[in-house]
Amino acid sequence: MAETPLSIGVDFGGTSVKFGVLYRSNIIDQAPAISTPDFDGPDALIEAMLRVIGDLRDRHPRIEAIGVGVPGFVHFEKGIVHNLTNVPGWTAIPLKKKLADATNLPVIVENDANCMAYAEWKRGAGRGLNHLIALTLGTGVGGGVVANGKMVRGAQFGAGEIGQMSIDWQGRRGAYGNLGALEDYVGNNEISADARQTYLEAGAERHLPDCSPAALAKAALNGDETALAIWDGIAAKLATAIMNCCWLLNPQAVIIGGGVAKAGDLLFNPLTAHLYAQLSAPFKEHLMILPARFGNEAGMVGAAALALEESGVVLQP
């Protein structure tokens, strides 16, 4: 362990910020999370983050880089957070510069879904692959793309937003004005609302908590035909978006994580069937549909690993 430097991974969520010290992909220490609503504006929250980072550095002198994953649009090279989901006031915040100036350490700031994709690519289910797509299915749908052995970020660092891809050109209007965005059909809240309507049409009434992805999985495992049909529909919608990605990028693997993916075979079996039915042989013969290795720690793991790589440290397998 002494031969490998440590890094700090920061997982910036909509309601809290979590901190971990990582050795490779292992979280060896954590600090108590801080609640974002407790702070009035970015400056106060950044000061609180720096206090936690300082405490972790005191305990672990070999920390050599800091990686931050945020749920929003980030200019990766400059480390500017253009917006932060569910946290007001975070517009054009130079987070990388603020943290680097205060700590004198290399810092990266990256979209949290890209951090998840990086974690799975370097240390998880996609280890050793050069072409993959990673999705995280939760309240929203995040995505990241690796092509030709490199992260794909795009001209404005906004590439990989699979959740904003349309699966219906006349569909629901999304938050950005786009029609039929995937996450407006397979996000947690949308799954619950649509499932409740499906039950009503089948002559049964269910409260929204009974239509959550976890509740639907339990019902389906108990033989509920309506729940099984709902999971097939979720899989079909997801397969449409992934199919488009496969025709565009021809990946070796699609890696899926997040809370919705905890349904396991209820999701993965129909998803594979729907997806393979829409791809020709060269695209699907070697395509793997894989569950993500990392759970809620994926963003932290990916941010920490990416920070070390960007600082010039090459981790051995």
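**Exercise 1. Lay out the sheet that contains β8, and place the helices on it.**

*Solution.* Start with the strand order. Five strands form an open sheet, ordered β10-β9-β8-β11-β12, with mixed pairing. Its edge strands are β10 (150–151) and β12 (288–291), each paired on one side only. Two strands pair if DSSP finds at least two bridges between them. Helices (H or I, at least four residues) and strands (E, at least two) are DSSP runs, numbered from the N terminus.

This is a predicted model: local features need pLDDT of at least 70, side-chain atom pairs count only at pLDDT 80 or more, and totals for chains, interfaces and linings use all residues. Residues are numbered from 1 along each chain as its sequence is written, and side-chain values use heavy atoms, with hydrogens and water left out.

Next, take one pair. β8 (residues 132–137) and β9 (residues 141–147) are antiparallel and share six bridges. Ala134 has Gly144 of β9 as its bridge partner.

Now add the helices. α7 lies across β8, β9 and β11 (253–257), and runs at about 160° to β8. Helix α8 (residues 265–276) also packs on the sheet, where it touches β8, β11 and β12. The direction of α8 makes about 160° with that of β12. Contact means heavy atoms within 4.5 Å. Axes are lines fitted to C-alpha atoms, for helices over the stretch in contact, and angles run from 0 to 180 degrees between N-to-C directions.

**Exercise 2. Do the same for the sheet that contains β1.**

*Solution.* Order first. This open sheet of five strands reads β3-β2-β1-β4-β7, with mixed pairing. β3 and β7 (107–111) are at the edges with a single partner strand each, so one side of each has no neighbour in the sheet. From one strand to the next, the twist averages 20°.

Then the pairs. Strand β4 (residues 63–70) runs parallel to β7, joined by five bridges. Val68 is bridged to Val109 in β7.

Helices follow. α1 (residues 42–59) packs on the sheet and touches β1 (6–12), β2, β3 and β4. Its direction makes about 150° with that of β3. α10 (residues 298–310) packs on the sheet too, touching β1, β2, β3, β4 and β7. The direction of α10 makes about 135° with that of β1.

Finish with the hairpin. Strands β2 (residues 16–23) and β3 (residues 26–35) run antiparallel, joined by seven bridges. Val17 finds its bridge partner in Ile34 of β3. Two residues lie between the strands of this hairpin, and Arg24 takes a positive phi near 55°.

**Exercise 3. Describe how α5, α6 and α7 pack, pair by pair.**

*Solution.* Two numbers describe each pair: the angle between the axes and the distance between them.

*Step 1, α5 and α7.* Helix α5 (residues 188–201) packs against helix α7 (residues 225–249) at about 135°, with axes 11 Å apart. α5 is therefore oblique to α7. The cut-offs: under 35 degrees is roughly parallel, over 145 roughly antiparallel, 65 to 115 roughly perpendicular, and the rest oblique. The crossing of α5 and α7 is right-handed. A crossing is left-handed if the near helix is turned anticlockwise from the far one by less than a right angle, and right-handed if clockwise. α5 contributes Ile191, Ala195, Thr198 and Tyr199, and α7 contributes Thr226, Ala227, Ile230 and Ile234. By class, this contact of α5 with α7 holds six nonpolar, two polar and no charged residues. Ala, Val, Leu, Ile, Met, Phe, Trp, Tyr, Cys and Pro count as nonpolar, Asp, Glu, Lys and Arg as charged, and the others, Gly among them, as polar.

*Step 2, α5 and α6.* The angle between α5 and helix α6 (residues 213–221) is about 45°, and the axes are 9 Å apart. This makes α5 oblique to α6. Asn188, Ile191, Ser192, Ala195 and Tyr199 of α5 meet Pro213, Leu216 and Ala219 of α6. The contact of α5 with α6 has six nonpolar, two polar and no charged residues.

*Step 3, α6 and α7.* α6 and α7 pack at about 125°, with axes 8 Å apart. They are therefore oblique to each other. The crossing of α6 and α7 is left-handed. Pro213, Leu216, Ala217, Ala219 and Ala220 of α6 touch Ala227, Leu228, Ile230 and Trp231 of α7. The contact of α6 with α7 has nine nonpolar, no polar and no charged residues.
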